[in-house]
Amino acid sequence: MSRDIYVVVEHREGLVEDISFVGLAAARAMAEGIGGEVVAVVLGDGRLIEGLAADRAIVVEDPALSEYNPEAYVAALEAILADELPRALLAGDTSVGAEVAGLLSARLDLPLVNRCVGVRAEGETLGFTAQICGGKILVDGLLPEPTVLVTVVPGGFAVEEGKSETAPSAQTGPRPTLDELRVRVRGHIEPDVGDVDISRESVLIGVGRGIQQEDTVELADELAGALGGAVCASRPVVDQGWLPTSRLVGKSGRRVKPSVYLALGISGAPEHVEGMADSGLIVAVNTDPTAPIYDVAQYGIEMDINDLLPTLLERVQEAKG
Amino acid sequence: MKIAVVMKLVPDLVEELEIDEEKARLDTTWLRLVANEPDEHALEQALLLKEQLDAEVIVLGMDGDGMDDLLVTAAAKGADRIIKLTGADGDTLNNHAVARLLEPAIRELGADLVMTGVQAHDDLDGAVGPLLAGLLGWPCVSYVSGVVLEGAGCDVRKEFPGGLVVEMEVDLPAVLGIQSAPQPPRYVAVSRVRQVMKTTEVEEHPVGAVDDRGAAEVQALRRPSVGERASMLEGDEREAADQLVAILQKAGVL
Ligand SMILES: Cc1cc2nc3c(=O)[nH]c(=O)nc-3n(C[C@H](O)[C@H](O)[C@H](O)COP(=O)(O)OP(=O)(O)OC[C@H]3O[C@@H](n4cnc5c(N)ncnc54)[C@H](O)[C@@H]3O)c2cc1C
Ligand SMILES: Nc1ncnc2c1ncn2[C@@H]1O[C@H](COP(=O)(O)O)[C@@H](O)[C@H]1O
């Protein structure tokens with residue numbers, strides 16, 4: 001067992017995901033505390049080590065790793081961990097990291113802590129803070145020894161802290177045989193083209209479950225039109241089929257950064273907030289005064305959307321003249 | 001084709017959550033539990049597959065508060081069998097323990113496909129789906145929003161951030177973590193649930209010893225310190241709308 005902290009670098013289409021920089025920043029805080037190194041684990045494309053704030057990198061290149069495949073990733077990581085067990089292996093709490101960490105935990109009998117938003121070193125001991133119940137509760141605990149798997153969520157560490165001007169030194173990791181995988185990638189379905197690209201809009205009207213009926217989407221759309229923007233949505237609205245997936249904001253949707261984001265009937269779950277927290281001005285309309293969306297919004301209106309929306313649309317149209 | 005769906009209840013986030021005196025867990029006195037939303041999608045996806053093929057849908061849950069109602073509701077929606085794993089306190093188990101209890105049960109059922117919800121908002125030691133797959137030695141694809149079964153093959157759509165969806169082919173048996181079904185979970189009337197409650201038996205399946213290794217030691221639960229909250233616009237809808245218009249004008253979008 002070493003004192004090193006490994007970070008699985010998640011990437012797509014030649015770009016490292018922000019959550020991996022968050023992971024590298026968290027790893028630095030841990031490694032500094034216990035006197036270990038930060039090790040970036042890059043599967044598939046060694047060129048991606050450029051700009052990672054790590055002391056060294058383990059790279060495994062194989063055609064089967066060129067894009068994410070759970071079977072190939074797990075096999076490659078198992079081989080790396082068979083060489084040496086680090087103090088911790090970090091990954092994003094994402095559709096890649098959560099899957100891989102769970103599989104590795106069960107297969108290698110290693111403990112797992114997910115949803116980590118903070119880590120700290122107290123002497124030789126490493127502590128964590130995890131975020132549960134939609135961010136309403138924080139859990140403090142100790143990271144199990146000697147080796148633990150950790151998945152991190154955004155919010156605790158800045159993306160910039162995980163970046164560097166230079167590249168870490170790279171070593172080639174073990175390359176297991178990766179044929180006869182039980183999962184095979186068939187193809188990509190890109191987000192619908194032709195529809196609005198919400199990440200380019202400067203005004204977004206976000207609609208959530210609180211709009212209650214499909215008709216309200218139309219009203220919101222009219223308001224968006226009057227403001228020269230577009231409507232976007234939280235997951236339940238998209239699952240309901242009221243708006244296409246291309247309009248989804250959050251963890252599994254788009255990241256948006258408009259000058260104005262008006263959230264209508266959105267509670268402010270972390271999975272939604274991670275997609276819109278960087279907006280210039282956030283205004284929320286929600287009947288629940290304790291809704292977490294009011295933690296990220298600058299202005300709030302505690303009111304039924306159905307009461308407010310028609311009047312608001314009228315006033316906006318009047319103001320435009 | 002046997003499809004097993006595992007379901008759980010989670011604290012309703014609409015309600016105020018209280019922490020118990022030892023700060024070790026949520027205070028359950030007033031806790032309102034609801035079905036984990038992705039589990040409803042997992043069930044919906046299984047029922048859609050049942051309608052397309054000759055599949056048997058078996059729903060499993062750990063014995064605990066509200067589980068009977070959840071299972072009977074699943075039966076009312078069309079599940080063929082509903083099974084409660086008994087003998088362990090389902091309300092206090094961590095996910096490693098749950099996965100270890102589910103593993104032999106799934107093998108015994110002879111399931112070809114297991115569907116879990118992608119994630120629950122209260123897990124701390126990983127989602128059950130990948131843990132269970134790792135124990136079973138089966139492949140696992142999670143964050144799935146669409147499953148097609150054809151012959152021996154299983155095609156799934158896996159979601160990635162940014163709205164990218166990747167189609168993957170998975171060998172069975174497998175475990176899938178369902179994010180959403182292709183259509184909203186079906187609704188079933190309470191009267192129908194009551195009816196089914198009279199005619200359908202919740203099967204009880206006793207489990208062996210609990211092994212909960214694999215999770216971290218929890219020191220304390222606490223509430224996040226609130227930063228600056230939004231300043232609230234007061235008044236009726238006209239006054240609020242006028243203030244908002246002024247804010248939008250100041251922000252230069254109107
Ligand atoms: C792996 C994973 C990935 C996810 N990815 C995403 C994602 O990318 N994007 C996303 O959005 N979610 C995502 N989610 C779901 C997320 O956890 C939340 O469930 C979701 O964001 C909640 O949506 P909501 O705020 O619209 O609904 P709710 O949480 O149900 O909130 C509705 C709100 O409306 C308010 N309301 C009700 N009626 C009215 C009214 N008449 N007027 C005004 N307000 C009213 C209520 O007070 C409440 O706050 C993901 C979940 C998981 C597990
Ligand atoms: N105690 C449990 N009983 C049954 N299924 C569970 C349990 N815990 C988790 N699951 C399943 O695993 C999914 C993900 O929840 P979690 O693993 O808690 O993130 C849930 O949606 C369920 O399908």
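The following paragraphs look at two ligand sites, one pocket and a set of salt bridges in a predicted model.

Residues are numbered from 1 along each chain as its sequence is written, and chains are lettered from A and ligands numbered from 1 in the order in which they are written. In this predicted model, local features need pLDDT of at least 70 and side-chain atom pairs count only at pLDDT 80 or more, while totals for chains, interfaces and linings use all residues; side-chain values use heavy atoms, with hydrogens and water left out.

Ligand 1 is a good place to start. It lies between chains A and B. Around ligand 1 there are 28 residues (each with a heavy atom within 4 Å of the ligand), and the closest are Arg209(A), Ser234(A), Ser252(A), Ser267(A) and Asn286(A). Several polar contacts (pairs of N or O atoms within 3.5 Å) can be picked out here. Glu271(A) places a polar side-chain atom 2.9 Å from an oxygen atom of ligand 1, and His272(A) also has a polar side-chain atom 2.9 Å from an oxygen atom of this ligand. Thr287(A) takes part through its backbone, with an N or O atom 3.3 Å from a nitrogen atom of ligand 1.

Ligand 2 has 16 residues around it, with Val6(B), Lys8(B), Asp39(B), Asp123(B) and Val128(B) nearest. An N or O atom in the side chain of Asp123(B) is 2.5 Å from an oxygen atom of ligand 2, and a polar backbone atom of Val128(B) is 2.6 Å from an oxygen atom of the ligand. Asn95(B) adds a polar side-chain atom at 3.0 Å from an oxygen atom of ligand 2.

Lys8(B) appears again in the second largest pocket. A pocket is here an open set of points on a 1 Å grid over the protein atoms alone, where a 1.4 Å probe fits, with protein on both sides within 12 Å along at least five of seven lines; lining residues have an atom within 4 Å of a point. The volume of this pocket, the space filled by probe spheres set on the points, is about 1400 Å³. Its lining has 50 residues, and Lys8(B), Asp91(B), Thr92(B), Leu93(B) and Asp122(B) are the closest to its centre. Both chains contribute: the elements that each supply at least two lining residues include β7 (112-122) and β8 (125-132) of chain A and α3 (95-109) and α4 (128-136) of chain B. Helices (H or I, at least four residues) and strands (E, at least two) are DSSP runs, numbered from the N terminus. By class, the lining has 28 nonpolar, 12 polar and 10 charged residues; Ala, Val, Leu, Ile, Met, Phe, Trp, Tyr, Cys and Pro count as nonpolar, Asp, Glu, Lys and Arg as charged, and the others, Gly among them, as polar.

Over all chains, the structure holds 46 salt bridges (a side-chain nitrogen of Lys or Arg within 4 Å of a carboxyl oxygen of Asp or Glu). Asp109(A) pairs with Arg213(B) at 3.1 Å, N to O. This pair crosses between chains, from the loop between α3 (97-108) and β7 of chain A to the loop between β11 (203-206) and β12 of chain B. The two residues also belong to a salt-bridge network with Arg100(B) and Asp211(B).

Within chain B, Glu40(B) meets Lys77(B) at 3.2 Å, N to O. Glu40(B) lies in helix α1 (residues 37-52) and Lys77(B) in helix α2 (residues 67-77), so this salt bridge ties together parts 37 residues apart in sequence. Lys77(B) is buried at 12% relative accessible area (buried means under 20%, exposed over 50%, partly exposed in between, with a 1.4 Å probe and protein chains only), whereas Glu40(B) is partly exposed at 23%.

Note on methods
Polar contact = N/O pair within 3.5 Å; in protein donor to acceptor, adjacent residues only side chain to side chain.
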